[in-house]
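User: Hi! Could you walk me through this model, one question at a time?
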Amino acid sequence: MQVLCVASNDESTALHCPTCGQGYAVYYSRQSSCERESALTAVRHTLVEHHAHDCTPAAHRALVFNVPAWRGSAYMSAAALLSGAPLAAHADRDRQHAEESTAA
């Protein structure tokens, strides 16, 4: 199962990085609770892996990403398309973040 992770500072986010506390809204390609629990374990593991060399929220280089990772656009992933994730605003924010990272 694929999960779309969208960085969020909203207090009601479903998941927080165990290392830095960055919040994430998560969107699933499938809805069974058993699959979702398994997927959340994989997401937590991925978030910790992002911190191999950096303990700050900057370790999460993308504001929107998929677990498991894939080469296509996160916005066109199965999790994005099947979950009904509200992605228009996130696409603009992700593009701005990428431009800021490149300029730095």
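User: Which residue in β3 is the bridge partner of histidine 16?

Analyst: Happy to help, and please keep in mind that this is a predicted model. Strand β2 covers residues 15-16, and it pairs with β3 in the antiparallel sense over two bridges. In β3, histidine 16 has as its bridge partner glycine 23.

User: And which residue in the turn between β2 and β3 has a positive phi?

Analyst: The two strands β2 and β3 make a hairpin, with six residues between them. In that turn, a positive phi of about 85° belongs to glycine 21.

User: What is the bridge partner of cysteine 5 in β3?

Analyst: Here the other strand is β1, residues 3-8. Strands β1 and β3 pair in the antiparallel sense over six bridges. Within β3, cysteine 5 is partnered by valine 26.

User: Is β3 largely enclosed or exposed?

Analyst: Let's take its two faces in turn. In a regular strand, side chains alternate between the two faces of the sheet. On one side of β3, Gly23, Ala25 and Tyr27 are buried, and on the other Tyr24, Val26 and Tyr28 are buried too. Six of the six residues of β3 are buried, so the strand is largely enclosed.

User: How many residues apart are the two members of the aromatic pair?

Analyst: The structure holds one aromatic pair. Tyrosine 24 and phenylalanine 65 meet edge-to-face, at 5.6 Å centre to centre and 75° between the planes. Buried means under 20% relative accessible area, so tyrosine 24 at 0% and phenylalanine 65 at 11% both count as buried. The pair links strand β3 with strand β4 (residues 64-67), and its members are 41 residues apart.

Technical notes: Residues are numbered from 1 along each chain as its sequence is written. This is a predicted model: local features need pLDDT of at least 70, side-chain atom pairs count only at pLDDT 80 or more; totals for chains, interfaces and linings use all residues. Side-chain values use heavy atoms; hydrogens and water are left out. Rings of Phe, Tyr and Trp (its six-membered ring) pair if their centres lie within 6.5 Å; planes under 30 degrees apart count as stacked, over 60 as edge-to-face and the rest as tilted. Helices (H or I, at least four residues) and strands (E, at least two) are DSSP runs, numbered from the N terminus. Buried means under 20% relative accessible area, exposed over 50%, partly exposed in between (1.4 Å probe, protein chains only). Two strands pair if DSSP finds at least two bridges between them.
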